[in-house]
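Please open the structure in your viewer and keep the sequence beside it. The tour below goes from one selection to the next and says what is found at each stop.

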Amino acid sequence: MDPQNSSPAQPAPGNGEETVVCAQCGTPAQGGAPPTWTCSVENGSRRYFCVDCARANLRAIEGRLDSSWW
């Protein structure tokens, strides 16, 4: 991984799988981001959003507003 691009995905202890956490509400997802989650690149870093947070902020996401504006 590039040092400038930090990802919320972190290895889970002991099993080698990634744990992705929603950047808005903190909901964890085991084994990487599910296909229903949204990935956004903001200021050079990846941010993942769960289904509920993505649906609640769909217009802002489509308008490419950073999550700090939501």
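**A tour by selection**

Begin by selecting Y48, which counts as buried because its relative accessibility is 13%, a value that falls under the 20% cut-off for that class. As you look at this residue, keep in mind that the model is a predicted one. Y48 has its place in strand β5, and if you add A33 to the selection you will have two residues that are 15 apart in sequence, with their C-alpha atoms 7.5 Å apart in space.

Now step back and display the whole protein chain, which contains two helices and five strands. Followed from the N terminus on, the elements come in the order β-β-β-β-β-α-α. The chain has 70 residues, of which 27% count as buried, and it exposes about 5000 Å², with carbon and sulfur atoms supplying 48% of that area. If you consider the contacts between residues at least 6 apart in sequence, 30% of them join residues that are at least 24 apart.

Next, select R47 and E42 together, since the structure holds one salt bridge and these two residues form it, with their closest N and O atoms 3.5 Å apart. Side chains of opposite charge can pair when their charged atoms come close. How do the two partners stand in terms of exposure, buried or partly exposed? R47 is partly exposed, because its relative accessible area is 25%, whereas E42 counts as buried, because its relative accessibility is 6%.

From there, move to N43, which lies in the loop between β4, residues 38-42, and β5, residues 45-49. N43 counts as exposed because its relative accessibility reaches 75%, and the cut-off for that class is over 50%. While N43 is selected, look at its backbone as well: the phi angle is near 55°, which is a positive value in a residue other than glycine.

For the last stop, select T19, which is found in strand β2, residues 18-21. T19 is buried, so its relative accessible area of 17% can be set beside the 13% of Y48, which also counts as buried. Which side chain does T19 meet in a polar contact? Add Q30 to the selection, and you will find that the side chains of T19 and Q30 are joined by a polar contact of 3.0 Å.

Terms used:
Residues numbered from 1 in each chain as written. Predicted model: local features only at pLDDT ≥ 70, side-chain atom pairs only at ≥ 80, totals over all residues. Heavy atoms only, no water. Helix = DSSP H or I, 4+ residues; strand = E, 2+ residues; numbered from the N terminus. Buried < 20%, exposed > 50% of the residue type's maximum accessible area, 1.4 Å probe, protein only. Contact = heavy atoms within 4.5 Å. Areas by Shrake-Rupley, 256 points an atom, 1.4 Å probe, with all protein chains shown as cover. Polar contact = N/O pair within 3.5 Å; in protein donor to acceptor, adjacent residues only side chain to side chain. Salt bridge = Lys/Arg side-chain N within 4 Å of Asp/Glu carboxyl O.
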